[in-house]
Amino acid sequence: MESNHAYIEFDGKYLLTLDNNYLRPPRSAKAYLHCHPWLEISLVKTGTGEYIVDDKVYDIREGDIFLFNNIEKHAIGIYPPNEMVNMVIHFEPRLIWNMSDSTFDYRYLKIFFDRNDNFENRLDR
């Protein structure tokens with residue numbers, strides 16, 4: 001996997017990172033299941049494959065956008081013969097919401113935390 005990287009740093013910690021990941025098949029999603037302390041927005045720029053999110057499997061194609069909170073295990077699998085470019089934004093919730101500062105509001109983050117039976121990580125195409 002190759003990647004190019006941009007970031008916003010504060011006090012030696014990343015508040016936001018943006019990566020364009022260049023993924024090559026074959027790549028099995030099950031081998032890469034992970035979670036992390038950041039929130040994530042994932043945009044599939046090119047390619048096809050699957051996203052595994054906990055116990056769900058989504059087919060993915062160019063233009064799909066996915067949202068993940070910090071406890072959802074997720075991974076991408078790539079279908080041969082295509083390569084995939086996946087743009088990933090990771091950010092700390094405090095970039096948007098700081099309890100001591102009312103300038104920004106928690107409601108902007110609710111989509112990452114409010115889950116019901118109809119919730120889908122992939123935004124409706």
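**Group meeting: aromatic cluster, cores and salt bridges**

Y51, Y58, F66 and F68 form one aromatic cluster. I start there, and then work outwards to the rest of the chain. Keep in mind that this is a predicted model.

First, the ring geometry. The count of aromatic pairs comes to five. One of them joins Y51 and F66, with 4.6 Å between the centres and 50° between the planes, which puts the pair in the tilted class. Y51 sits in strand β4 and F66 in strand β6, so this pair ties together parts that are 15 residues apart in sequence. How exposed or buried are these two? Y51 has a relative accessible area of 2% and is buried. F66 is buried as well, at 0%. The rings of Y58 and F66 have centres 5.5 Å apart and planes at 75°; anything over 60 degrees counts as edge-to-face, so that is the label for this pair. Y58, like F66, is buried.

Next, the core around that cluster. The largest nonpolar core has 11 residues, and Y51, Y58, F66 and F68 are among them. The other members are L23, V44, V53, I60, I76, I78 and M84. Which elements give two or more residues to this core? They are β4, residues 49-53; β5, residues 56-60; β6, residues 65-68; and β7, residues 74-78. There is also a second, separate core of six residues, including L39, L67, I89 and L109.

Y51 is worth a separate look for its contacts. Leaving out neighbours within four places in sequence, Y51 touches several members of the largest core, including Y58, I60, F66, F68 and I76. The contact list of Y51 also has E40, S42, K56, V57, H74, A75 and N86.

Now the overall layout. The secondary structure comes to one helix and eight strands. In sequence order the pattern is β-β-β-β-β-β-β-β-α. The protein has 125 residues, of which 36% are buried. Taking contacts between residues at least 6 apart in sequence, 64% join residues at least 24 apart. The exposed surface is about 7,900 Å², with carbon and sulfur atoms supplying 53% of it.

On to charges. Side chains of opposite charge can pair when their charged atoms come close. In this structure there are five salt bridges. I will go through three of them.

The first is R24 with E83, where the closest N and O atoms are 3.4 Å apart. R24 lies in the loop between β2 and β3, and E83 in the loop between β7 and β8, so the pair ties together parts 59 residues apart in sequence. R24 is partly exposed at 40% relative accessible area. E83 is also partly exposed, with 48%.

The second is D59 with R122, at 3.3 Å between the closest N and O atoms. D59 belongs to strand β5, while R122 is in the segment after α1, so this pair ties together parts 63 residues apart in sequence. D59 is partly exposed, with a relative accessible area of 40%.

What else does R122 reach? Its side chain comes to 2.5 Å from the backbone oxygen of D59. Not counting residues up to four places away in sequence, R122 touches Y58, D59, D64, I65 and F66. That leads back to the aromatic cluster, as Y58 and F66 are both members of it.

The third salt bridge is between the side chains of K110 and D114, at 3.6 Å from N to O. K110 is partly exposed at 36% relative accessibility. D114 is partly exposed too, with 43%.

One last item, away from the core. P81 is in the loop between β7 and β8, and that loop also holds E83. Is P81 buried or exposed? At 74% relative accessibility, P81 counts as exposed. P81 and G47 are 34 residues apart in sequence, with 9.3 Å from C-alpha to C-alpha.

To recap: four aromatic residues form one cluster, and those residues belong to a nonpolar core of 11. R122 pairs with D59 in a salt bridge and touches Y58 and F66. R24 and E83 form a salt bridge between two loops.

Key. Residues numbered from 1 in each chain as written. Predicted model: local features only at pLDDT ≥ 70, side-chain atom pairs only at ≥ 80, totals over all residues. Heavy atoms only, no water. Core = buried A, V, L, I, M, F, W, Y, C linked by side-chain atoms within 4.5 Å. Buried < 20%, exposed > 50% of the residue type's maximum accessible area, 1.4 Å probe, protein only. Helix = DSSP H or I, 4+ residues; strand = E, 2+ residues; numbered from the N terminus. Contact = heavy atoms within 4.5 Å. Salt bridge = Lys/Arg side-chain N within 4 Å of Asp/Glu carboxyl O. Areas by Shrake-Rupley, 256 points an atom, 1.4 Å probe, with all protein chains shown as cover. Polar contact = N/O pair within 3.5 Å; in protein donor to acceptor, adjacent residues only side chain to side chain. Phe/Tyr/Trp six-rings, centres within 6.5 Å; stacked < 30°, edge-to-face > 60°.
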